[in-house]
Amino acid sequence: MPEMLSRIADSLFWMARYIERAEDTARILDVNYHMMLEQSDPHYRLRWEPLVVMAGEEKPFHQLYTEANAYTVFDFLAFRADNPSSIVQCIAKARENARTIRERISREMWEDINGLFHTVNRFDAADEIAAGPHRFCDTVKFACHRFHGVTDATLPHDEGWEFLRIGWSLERAEATTRLVDVQYHNLLEGLSVAATPDNHQWMAVLKSVGAYEAYHRRYHSPIRPEKVAEMLILNPLHPRSIRFTAGEVQAGLRAVSGTSAGSYANEAERLTGKVLEGLRYDTIEEIFARGLHPYLSDLLRNLRLIGHDIARTYFYYAVVA
Amino acid sequence: MSAAPQEVFRPVLFDGYDPGAYYDEMFSGPGEPRPHYAKMFQKLAALAPAQFEERRQLADLAFLMQGITFTVYSDGQGTERLFPFDLIPRILARSEWDRIERGLSQRVVALNLFLHDIYGKQRILKDRQIPRELIYSCQHFRREMIGIEVPRGIHTHISGIDLVRDSKTGEFMVLEDNVRTPSGVSYVLENRLVMTRIFPDAFQACEVLPVNNYPAELCRILRSLSPRGEQAQMVLLSPGIHNSAYFEHSFLAQEMGIELVEGRDLIVDTGVVFMKTIHGLKRVDVMYRRIDDEFLDPLTFRSDSLLGVPGLMGAYRAGNIALVNAVGNGIADDKAIYSYVPAFIRYYLGEDAILRNVETYLGVRDLSFMIEHLPELVVKAVGESGGYGMLIGPAAERAAIEQFRDRIRANPRNYIAQPVVGLSRVPSYHAGTRRIIGCHVDLRPYCLYDGEKVSIVPGGLTRVALTPGSLVVNSSQGGGSKDTWVLHGEC
């Protein structure tokens, strides 16, 4: 088996994370924007602010705009060069990572991501803002799916592939965690006790992770916030649930180190195992009893630590021999 | 069903094309293609301008989508730019190529013997075939190499030797040797790939010799140099993504299936080179380095280099790693030393040079002649490449000529002069007028040497000066490239 340079593993990991981040942002933007169009009751008018919070970029946003509305949020999350997490920036960074390792990925992968880079750069921000985000977001979303497909079909499933899998799974786990956390806060805690939660908004949450249809097949019931949370946190099979994605991270880490189930070779594996145990055996009732927000905050902190530990274990040579 | 209207054959593409006063590679006279160009001429002439334009755009898009770009730094942003590609191929007749191949092989072997000698016994200096001062005054002469026995005695594993066809004689001549880290071979392979997609029918008709064996042959040579035999960990050392030739580095690493590394990926411990992998340090045996000598090892050469690997020269000296090309090759492609290459060929091989040099005047030898005749001459700095540090006398203004006169007087060793060579031309598309015009070309074949035989990619890189009238083919000065064909049969 060819050797895997630490620098290359690092770039693969980040290329995957940026692609995933672009897709996650595109999904959230698209779904929420269209939900807003269908929403007439001003009481439930979708607030744009939370989308910026989910992206974790409130500070630069407020330096640029005075208010969060459909246009400023779309402009900021999709196009702005000064938003390091904007879709266009994520794709540029994914492509830059790909460029440093193009000898290591397949030609098809490189051409795909290079093509995507040129495609999103051809979009004119003003035109797209006028037309609404669907065209742009849909292009990005499907291009990201395509990249997954091209990767799966053309890259040997060796250690490099595992680092990609770890990268996009970890990013996706973080994105879903933030989504549930922010939307719960946004949709429930802002309401008076008497008000009933709004179905429409929870549909948006499900759709933004592509779990709407799966929800109905699983629960055969009207949309209820705690069921949505259960679906997105604990479902073992949905590809965007936190449990599923954490399982992918674990599988990837084990494939790289060769560790068998029940033990761990490094701190990243220990933490992933610990997180996954919780996700496997906690019930949604227990989670609510402990408080959803503290639970998700813990989870987010652990996911970030796993990222740091992966870098420490595999990417950095801090001490020179 | 009605029959499709028959298109009337009219060779519009070359309508009014004037081969002009220079040697035209495609036409022997107006409207008269040379025999080896006949089939391609028919294919091209059958294209309507709109069809030609369509194929041209297809080619540009293919290069853009594959990210085959080089980086330009002059605008401060490090913009990626396409290396302009011209659709009309440069075709070489088989008999002509055979002679070029013999000439290049002879030259590469002689250059290698010279390097081996100059860093070894220095017989050539003792026999007074070349002035000792010329060697020791060369800025690319590396004293650190003296006495190092390189693996299998090979210094010039990879050579890119620039040839031009003189319009006066129609003969191919050597313009310069590049035996440090010649670049451009990736364009040869990519140009061919794109051309086969755009003119599949022409390839069937013309029987073009394939070029794609280069990476495999280079990889075979790299492997043969490993100090640990078959167990060879090979790497390509690149300065990184910001280098203008980065595309080529990654392309070659991928084609050969070897690791592309940067200095920061490597470490030397007790005279052995290692790379940092996710499972710890792994020994490296062979390094195809695309970094200049002076940046290779900050402990030996420039101490401010961040690109290289501290201790690399120690590992090289100890025979624990093979470097390709060898260190110190710059002495052999110095533009003043160049004028002695035909003498090397005679001295080491006992043969006359098959490919002639362009007549060359040395600052140290022919100073007064150079100073007097500057307006008629091309002046070059001996250690520069890429079209930098040059004066083209007939095209230069008086002030520039005066400036060069002073510079040459101040440092004669640093300059050579040559008569202006009227480079041959190939019809090429001119975007400004949307017409086909004759543009000057050179030819850089890539030669690989395994210590026994020299193998050469059929053809090589044809660089073309796409600015009308320009003789400068470098990509930094508006040059482009063409696919270069050597035909299997005679025509």
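**Exercise 1. Two domains of chain A in contact**

In this predicted model, find how many residues of domain 1 of chain A are in contact with domain 2 of chain A, and how many residues of domain 2 take part.

*Solution.* Start with the count: 29 residues of domain 1 of chain A touch 27 residues of domain 2 of chain A. Here two residues are in contact if their C-beta atoms, placed from the backbone, lie within 7 Å.

Next, look at the helices. On the domain 1 side, α1 and α2 (49–55) of chain A each supply at least two residues. The most comes from α1(A), which gives 17 residues to that side.

Now sort that side of domain 1 by class: 17 residues are nonpolar, four are polar and eight are charged.

**Exercise 2. Domains and their centres**

Where do the domains of each chain begin and end, and how many Å separate their C-alpha centres?

*Solution.* Take chain A to begin with. Its assignment gives domain 1 as 1–155 and domain 2 as 158–321. The C-alpha centres of these two domains of chain A lie 20 Å apart.

Then turn to chain B, which is divided into domain 1 (228–320) and domain 2 (359–419). For this pair in chain B, the centres taken over C-alpha atoms are separated by 37 Å.

**Exercise 3. Where chain A meets chain B**

Work out how many residues each chain brings to the contact, and which helix of chain A gives the largest share of its side.

*Solution.* Count both sides: chain A brings 21 residues and chain B brings 20 residues.

On the chain A side, α1 (6–38), α5 (87–100) and α6 (107–122) each provide at least two residues. The largest share belongs to α6(A), with five residues.

Finish with the classes. The side of chain A that touches chain B holds nine nonpolar, five polar and seven charged residues.

**Exercise 4. A sheet in chain B**

In what order do the four strands of the open sheet in chain B lie, and which strands stand at the edges?

*Solution.* Trace the strands across the sheet: the order is β16-β19-β17-β18 of chain B, with antiparallel pairing.

Look at the ends of that order. Strands β16 (361–362) and β18 (390–392) of chain B each have a single partner strand, so one side of each has no neighbour in the sheet.

Move to another pair. Strand β17 (residues 377–381) and strand β19 (residues 415–419) of chain B run antiparallel and are joined by five bridges. To place one residue, find Val378(B): opposite it in β19(B) stands Gln418(B).

How values were computed
Residues numbered from 1 in each chain as written. Chains lettered and ligands numbered in written order. Predicted model: local features only at pLDDT ≥ 70, side-chain atom pairs only at ≥ 80, totals over all residues. Nonpolar A, V, L, I, M, F, W, Y, C, P; charged D, E, K, R; others polar. Pairing = 2+ DSSP bridges. Domains from an automatic or database assignment.
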